[in-house]
There are 2 protein chains.
Amino acid sequence: MMIADQNLVKKMNKRRLLQEVIHHSPISRANLSKTTGLNKSTVSAQIQEMVDEKFIFEIGQGQSSGGRRPVMLMFNKQAGYAIGVDIGVDDMTVLLTDLDGSIVTERYFDLKQSSPDETIALLLTTNQQMIDTMPVSPYGLIGIGICVPGLVNREEQIVLTPNTHWNGVELKKIVESTFNVPVTIENEANAGAYGENIYGAAKAYDDFIYISVSTGIGVGLVLGNELYRGVHGFSGEMGHMTIDFNGPKCNCGNRGCWELYASEKAFRQSLPREWNDDEIASRLQKNDVELFRALENFGHYLGIGLVNIANTFDPEAVILRNPLIESNPFVLNALKNTLSSRMNVRFDTECAFLPSTLGKNAPALGACSMMIEQFINGITA
Amino acid sequence: MMIADQNLVKKMNKRRLLQEVIHHSPISRANLSKTTGLNKSTVSAQIQEMVDEKFIFEIGQGQSSGGRRPVMLMFNKQAGYAIGVDIGVDDMTVLLTDLDGSIVTERYFDLKQSSPDETIALLLTTNQQMIDTMPVSPYGLIGIGICVPGLVNREEQIVLTPNTHWNGVELKKIVESTFNVPVTIENEANAGAYGENIYGAAKAYDDFIYISVSTGIGVGLVLGNELYRGVHGFSGEMGHMTIDFNGPKCNCGNRGCWELYASEKAFRQSLPREWNDDEIASRLQKNDVELFRALENFGHYLGIGLVNIANTFDPEAVILRNPLIESNPFVLNALKNTLSSRMNVRFDTECAFLPSTLGKNAPALGACSMMIEQFINGITA
DNA sequence: AAGTTAGTTTAATCAAACAACAAACATAAA
DNA sequence: TTTATGTTTGTTGTTTGATTAAACTAACTT
């Protein structure tokens, strides 16, 4: 445990003030004093420091409310930039954002034919391009966050990627030594959860569960406004929660895993034939019965697992990340039906089930925001 | 968010010092300075305060290590006393402990024929008796913690007790107004988890899952060394996690709930005939095949749910609270077999599965320790 | 001109760190 | 046994630094 001294006091109050400016700008010193409870002189001193450090700037005078006009302060969201990378099973997203999480540059790649080595090369050149075209700023590139579809341990090493071959690749070291900035490697579901918490559907929630439904099902747990990672970093493997203990074998070793029923892969296997995305879209337009039956089933199986999640966590919200769910409220309704039929009135009315608002950018944005938060916390070091 | 000032600094350091004394006594001022990093003069000043407040006393001189002999300090665990009550479905435990959690007085009651009103009367008179016979101390009774077998919301109201009739009983108000000390109402599994974390099998763990197996299955989640309660206080209802979505209906509304297979009630129903505890004990002695088969099955079904828990939380440990498990390592082995057969080598070797060490006292002790922690935190207010 | 609001300056407060010191002891050489 | 040396413990007085209250200047509204 840490010991407390005046330095800690200053750090805490500085952080608090910066957060207030970030989330409520434009705001005046007087107003900061009111909202934080800190003395006016304390506010002035701290703000001056952060103005000198280029994190905050004065935007000019605001409206008077019967006296001297206030000087409005803004967070300098262009003080630096972050890169977020989402390495998927067969695609990659690379985003450059400012400190507000606003996307400056975005690039999407198809990885269907790529080996990890080729992907790393692509990642490095893309990052370099982004750095080269990045606007000039006091702090430049403040960090690179990378998420991968698999298990990442507490040392940020990739230890298991069921659908790809990233196991053991020393991604953190490679990227860190190339660009000499802080690098974080994170699980895709954790990054997505983080993104939704900072910028997306879960902004207002402190306790929520983020569910990424694709080839498998990945879960990010945000409990008490913090990502819960587990001892080894492997929490949220709820895709491998059994929902039928006599069910079919899964390659995780378990039987009747949730993702064997409710993943997008399972959904596609449940279709009468193999339909590509265009085919599915056009059948949606035409209210195709077979498709809707499959979608309803998809929602139903999702719902079965969600009952377990609601019973386990009693969360404020569950955020679902999947293109089909985001574009079809119908799936969400099917899912809610299963929930209300399987839970006596209690949770279903008091827990929000929402689609992701960041969509496919969620994990990369989450990766960015992790670096941004690290950077902002470092400001007060 | 709170603002920081010198008062906070003092509080934090005082708390830190007190914790150090509690957990490493006897200890000298010099040693405290070393372990905490606080300056010797700071330590001296803070300790003096707590000596004056009767929380710490000087026990005398310790061994010299080549210089002046140190003055050894001890936590005054007899500065006050706490009462912990565990109201079960058909029994009640009432404990009086000192601030160390050592039991001073213990009483056990059979509630098989009691209504809530009768139980409350019994609780109040027992508490009064304990207060009357309690040793004199500077702070007297510092609080009463009570746990109940059901759902307790964040306002500490009892909202659902499936197997009894405590719903809506204003227990907190009743007890608080009778004794005029702080009262906490808590769910039985949460209290048990807390107890094991402070005094029992989970002392060394920051992230663990406590599982209370009786009529139903209750789960207490300790994540990051804190009890995770959920938004409404209803987390850990994992007894109603489906492990067979086509399974039999449960009165919670769900199907194939874990506790329909792995509760003690389910275990007893799985026996060829109704055996009482003595019968079971004697058959255990005689290595009765039918009983052992049932126990193995019991372990197997526990294991199925524990795989889900391991996949969900990636905990350091799982603590199992049930008399049969505590007295029969055999069940634990059966359970571990199921785990290793259903999880590819990863968790089973790195997550400890342990029986409760506090046994039936776990929840009441947890309730005590909640009050003690509240009190100790209040010291530094 | 009077009253309000914004922001700065000044002096006081307080907790911890620092530095110097005294007390009490261990060790080993004389 | 005696003495000298160095170590450890705990206290005392001083300094540092962040917050704060209060006084003050600045700028605006009515």
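Here are some questions and answers on how chains A and B meet and how they face DNA strand D.

This is a predicted model, in which local features need pLDDT of at least 70, side-chain atom pairs count only at pLDDT 80 or more, and totals for chains, interfaces and linings use all residues. Residues are numbered from 1 along each chain as written, chains are lettered from A and ligands numbered from 1 in the order written, and side-chain values use heavy atoms, with hydrogens and water left out.

Q: By what turn can chain B be laid on chain A?
A: Happily, this one has a clean answer. Two copies of a chain are related by a rotation about an axis and a shift along it. Superposing by least squares on the C-alpha atoms of residues with pLDDT of at least 70 in both copies, chain B fits chain A with an RMSD of 0.1 Å and a shift of 0.0 Å along the axis, after a turn of 180°. The copies are thus related as by a two-fold rotation axis.

Q: Why do the copies meet through the same surface?
A: Contact here means heavy atoms within 4.5 Å, and each chain, B and A, brings 61 residues to it. The copies meet through the same surface because the interface residues of chain B that are also interface residues in chain A make up 100%.

Q: Which element gives the largest share of the side of chain B that touches chain A?
A: Buried area is the accessible area (1.4 Å probe) that two parts lose on being put together, summed over both; between chain B and chain A it is about 4900 Å², with 57% from carbon and sulfur atoms. Helix 1 (6-24), strand 12 (217-223), helix 10 (289-313) and helix 12 (329-342) of chain B each give two or more residues to this side; helices (H or I, at least four residues) and strands (E, at least two) are DSSP runs numbered from the N terminus. The largest share, seven residues, comes from helix 10 of chain B.

Q: How far is the side chain of A:Q6 from a base nitrogen of DNA strand D?
A: A residue is near a strand if one of its heavy atoms lies within 4 Å of it, and A:Q6 is among those that come nearest of the 30 residues around DNA strand D. Helix 1 of chain A gives the most to this surface, with four residues. From an N or O atom in the side chain of A:Q6 to a base nitrogen of DNA strand D, the distance is 2.8 Å.

Notes: A polar contact is a pair of N or O atoms within 3.5 Å; within protein, one must be able to donate a hydrogen and the other to accept it, and residues adjacent in sequence count only if both atoms are side-chain atoms.
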